[in-house]
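Biologist: Please pick one part of this structure and take a close look at it with me. I would like to see how that part sits among its neighbours.

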Amino acid sequence: MTMNQNNKIFTMLAIFSVAGISILATNSLLTSTENDLSATYIQSKMSKAFPELDGVLDGGDATMLTTNIEDVKSQVQYTIRGTVVNIGKLKEWTDPTPQPDELRKLMGKSVMIPIDIKVTQVKKDKSDLKNDEIITVNVLGHLIENTLYLNPNSPQFEIGEDVVVHISVDPNDIIEKDFKFVQLGEYGKYSIQDGKAFNAKYSHGRDIAKALDETQ
Amino acid sequence: MGITMTRITQITTVITALTIMIGFTAIPNVSAHSEDNPQKWFASKTQSLCYADTGISYLKFDGSTPNTAAAKTQIRLGQSQMSDNTNMNLSETTSCTGYKNWVTSFYDSNTSLAAYTTALFTTSGTEYKLIYFNNNQYEYWVTNGNCSSTTLDLSNISNHEFGHFAGMMHQTDGSTGHTMMRDPCTSDNSSIKSADISFVNPHYP
């Protein structure tokens, strides 16, 4: 074997090695980017408040018009930070939509879950809410047999949880008068952990101040 | 010596070629859908749906209530997008006793929640899903191709919901024009996309 042949071999070896390593490195980078998108906080599970049920499940997949709270900030009456002090019992309400009997059997009962939050900071307020007052927001779902199906994209809460929530008041008074709910569901509620605000959109957390300011 | 070097060359070539193949194989296919949940797909590609006229009559469509026939026409476009372009066979039925798929409306305070499709229920061996459209009076259902908070195209949202009905989850991959399954609603909801079709069909051979 001549020196020229050796050079060719080593040149080929080098080219193939660089190509192979580059591809593996690219793959590693892509994989790590995907992993970075995974949640880095402990997500709340409302099932802890309902041990008597067979389960608390996400009710399906939805079409959201937006996931940016800024887009609907005019509809937000309260932006507060507070601590969840109570998760009430399921409360049945009557959806006025007329449904065929056969369908109504499949839908189960329309229910709301009242969440009591003790206010620690008020950022946006269209009344005179004060610190240490309790504000009650509601989550909607359907009780089918003994399983609670939350409406898709609903926020979940746990007692003792430190939260920032953007709250709207339903002007229709259909479910009940002055019915309060979390605007944009899971995108309008943050769980405060390790000094950051986390939710479905900000799985790596963001400044609490920014979460509070987004409806200003 | 010459034979030994030839073998070294061959072995080196094989190893590097294998390395390249492994690298390519392991790279995620960004043109395919990435989000999947096996529990959302029906066992059968043939599904019939009941349309609840009374529920649909509560949708404010083109500014008026009831506007049931016009609203149903728009919703059916979503059914057609799925049935005409994939292996799924979807049809409307009026035999609606027992455990059936249904399309109807519901009330939700949160107008940003335009519509949803339930989980796949199985009762007495029968699989079914329910598709709901929000009949909150501040939900402005129209036929203008938009999905903004002020006006909302019913057929576009129906396309997306029938994507969920088939079994697709929300997708985050690809660029504009890739899928009608983004969350939130985009202009891509206007029709089923080739990536959606190629994702659905293997589930319903």
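Modeller: Start with one term: a residue counts as buried if 20 or more other C-beta atoms lie within 10 Å of its own, with C-beta atoms placed from the backbone. Bear in mind that this is a predicted model.

Use that term on strand 10 of chain A, residues 189-193. Of its 5 residues, 4 are buried, so strand 10 of chain A is largely enclosed by the rest of the structure. For the setting, buried residues make up 36% of the 216 residues in chain A.

Now look at the partners. Strand 10 of chain A pairs with strand 8 of chain A, residues 162-169. The two are antiparallel, with 3 bridges. Find Lys189(A) in strand 10 of chain A: Val165(A) stands opposite. Strand 10 of chain A is also joined by 3 bridges to strand 11 of chain A, residues 196-198. This pair runs antiparallel. Here Ser191(A) faces Phe198(A) of strand 11. Strands 10 and 11 of chain A form a hairpin with 2 residues between them. In that hairpin, Asp194(A) has a positive phi near 55°. In a regular strand, side chains alternate between the two faces of the sheet.

Step back to the whole chain. Chain A has 3 helices and 11 strands. Its elements, read from the N terminus, go α-β-β-β-β-α-β-β-β-β-β-β-β-α. Take the contacts in chain A with a separation of 6 or more: 68% of them link residues 24 or more positions apart.

Chain A also shares a sheet with chain B. This open sheet has 6 strands, in the order 2(A)-4(B)-7(B)-3(B)-1(B)-2(B), and its pairing is mixed. Strand 2 of chain A (60-64) and strand 2 of chain B stand at the edges. Each has a single partner strand, so one side of each is left without a neighbour in the sheet. From one strand to the next, the twist averages 20°.

Inside this sheet, strands 1 and 3 of chain B run parallel and are joined by 3 bridges. Leu49(B) stands opposite Asn101(B) of strand 3. Helix 3 of chain B lies across strands 1, 2 and 3 of chain B. The angle between helix 3 and strand 2 of chain B is about 155°. Helix 4 of chain B packs on the sheet too. Helix 4 touches strand 2 of chain A, plus strand 4 (113-118) and strand 7 (130-134) of chain B. Its direction makes about 25° with that of strand 4 of chain B.

Follow helix 3 of chain B along residues 68-85. Its 18 residues reach 26 Å from the first C-alpha to the last, close to the 26 Å expected. There is a kink of about 25° in helix 3, centred on Gln79(B). Buried residues of helix 3 include Ala71(B), Ile75(B) and Met82(B). Their cover includes strand 1 (46-51), helix 2 (53-56) and helix 4 of chain B.

Finish with helix 4 of chain B, residues 154-166. At 1.5 Å a residue, its 13 residues should span 18 Å, and its end C-alpha atoms are 18 Å apart, which agrees. Helix 4 of chain B is mostly covered, with 13 of its 13 residues buried. Just after it, Gly167(B) takes a positive phi of about 140°.

How values were computed. Residues numbered from 1 in each chain as written. Chains lettered and ligands numbered in written order. Predicted model: local features only at pLDDT ≥ 70, side-chain atom pairs only at ≥ 80, totals over all residues. Expected span 1.5 Å × (residues − 1). Buried ≥ 20, exposed ≤ 12 C-beta atoms within 10 Å, placed from the backbone. Bend = angle between axes of the 7 residues up to and from the residue. Contact = placed C-beta atoms within 7 Å. Pairing = 2+ DSSP bridges. Axes fitted to C-alpha atoms, helices over the stretch in contact; angles between N-to-C directions.
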